[in-house]
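Subject: Structure to look at

Hi,

Here is the structure I promised to pass on. Have a look at it first, then read my notes underneath.

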Amino acid sequence: MLFLASQSPRRAELLARLGVSFDVLTLDIPEQRQPGEAALDYVCRVAREKAQAGFGLVADRPGAIVLGSDTEVILDDAVFGKPVDAADAAAMLQRLSGRIHRVASAVSLVAAGRHAQVLNVSEVTFGDLTPAAIARYVATGESMGKAGAYAIQGSGEAFISHLSGSYSGVMGLPLHDAAGLLAQFGVL
């Protein structure tokens, strides 16, 4: 049985696109970057911790496999997680304006005696954003709960002038990579 260790409706939607059945596990894993921790290492660690914690909840279920994932926006070496409020969201978008940033999505699978992980990194170029455009977008509420304060699957897509990589990875779960891991574990 496959379990998704995420409360993200986007991840659940994406995983469902693969045609697999799964249950969602509710977890509260701290997402705090450690001092000196490289941005990509941080994303991989959080995904692995989510999968491991989820597996701890269902380890007694025969054939349990847990998928954990983390997605972060990275500009230079700064990791942009979810904004804490509207001002934080506006500040993130202002910093991303007219710049190329990376979106890193790590996917971890954990089963009894087994673990595998993949990291997907996409490059996203934002056009120049005016203060008025940022204010309008933040006022929609769409930026809340999203790494980097934008949703590629929503009206935030209009900010993107170029994407090199995985659209679904930027959305929260790189489907090609996730499908490959699930195939290795006999789920697909």
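Below is what I found in it, going from the whole chain down to single residues.

**The whole chain**

First things first: this is a predicted model. The protein chain has six helices and seven strands. Starting from the N terminus, they come in the order β-α-β-α-β-β-α-β-β-α-β-α-α. The radius of gyration is 17 Å, close to the 16 Å that the globule rule gives for 188 residues, so the chain is as compact as a globular protein of that length. If you draw a box around the C-alpha atoms along the principal axes, it comes to roughly 55 × 35 × 25 Å.

Of the 188 residues, 51% count as buried. The accessible surface is about 8,400 Å², and carbon and sulfur atoms account for 52% of that. Take the contacts between residues at least 6 apart in sequence: 66% of them join residues at least 24 apart.

**Strand E5 and its partners**

A good place to start zooming in is strand E5, residues 100-111. Ten of its twelve residues are buried, so the strand is largely enclosed by the rest of the structure.

Which strands does E5 pair with? One is E3 (residues 65-75), antiparallel to E5 over ten bridges. To find your way along that pairing, look for Thr71, which sits opposite Ser105 of E5. Another is E6 (residues 114-126), also antiparallel, with twelve bridges to E5. Here you can use Ala104, whose bridge partner in E6 is Val121. E5 and E6 form a hairpin with two residues between the strands, and Gly113 in this hairpin has a positive phi near 70 degrees.

**Helix H3**

Next, have a look at helix H3, residues 86-96, where Ala89, Met92, Leu93 and Leu96 are buried. These four cover an arc of only 95 degrees around the axis, which puts them on the same side of H3. The spacing fits a general rule: an α-helix has 3.6 residues a turn, so residues three or four places apart point the same way. What do the buried residues of H3 pack against? They pack against E3, E5 and E6, which you have just met, as well as strand E4 (78-80) and helix H4 (131-140).

The ends of H3 are worth a glance too. At the N-terminal end, Asp85 acts as a cap, with a side-chain oxygen 3.2 Å from the backbone nitrogen of Ala87. Just after H3 comes Gly98, with a positive phi of about 70 degrees.

**Two buried loop residues**

Ser6 is in the loop between strand E1 (2-4) and helix H1 (9-17). Its relative accessible area is 8%, so Ser6 is buried. The Ser6 side chain reaches the backbone nitrogen of Ser8 at 3.1 Å, and a polar contact of 3.3 Å links it to the side chain of Arg11. Leaving out neighbours within four places in sequence, Ser6 is in contact with Arg11, Val24 and Leu25. You can also check Ser6 against Gly169: they are 163 residues apart in sequence, and their C-alpha atoms are 15 Å apart.

Val20 lies in the loop between H1 and strand E2 (22-24). With a relative accessible area of 12%, Val20 is buried. If you ignore residues up to four places away in sequence, Val20 touches Leu2, Leu15, Val187 and Leu188. Val20 and Leu2 are 18 residues apart in sequence, and 8.1 Å apart from C-alpha to C-alpha.

**Two positive phi values outside glycine**

Asp76 has a phi near 55 degrees, a positive value in a residue other than glycine. You will find Asp76 in the loop between E3 and E4. Ala149 is not a glycine either, yet has a positive phi of about 70 degrees. This residue is in the loop between H4 and strand E7 (160-164).

Are these two buried or exposed? Asp76 is exposed, since its relative accessible area of 56% is over the 50% cut-off. Ala149 counts as buried, because its relative accessibility is 0% and the cut-off for buried is under 20%.

That's what I have for now.

Cheers

How values were computed. Residues are numbered from 1 along each chain as its sequence is written. This is a predicted model: local features need pLDDT of at least 70, side-chain atom pairs count only at pLDDT 80 or more; totals for chains, interfaces and linings use all residues. Side-chain values use heavy atoms; hydrogens and water are left out. Buried means under 20% relative accessible area, exposed over 50%, partly exposed in between (1.4 Å probe, protein chains only). Two strands pair if DSSP finds at least two bridges between them. Contact means heavy atoms within 4.5 Å. A polar contact is a pair of N or O atoms within 3.5 Å; within protein, one must be able to donate a hydrogen and the other to accept it, and residues adjacent in sequence count only if both atoms are side-chain atoms. The arc is that of the directions from the helix axis to the C-beta atoms. The radius of gyration is taken over C-alpha atoms; the globule rule is 2.2 Å times the number of residues to the power 0.38. Accessible areas come from the Shrake-Rupley method with a 1.4 Å probe; for residues, only the protein chains shown count as cover.
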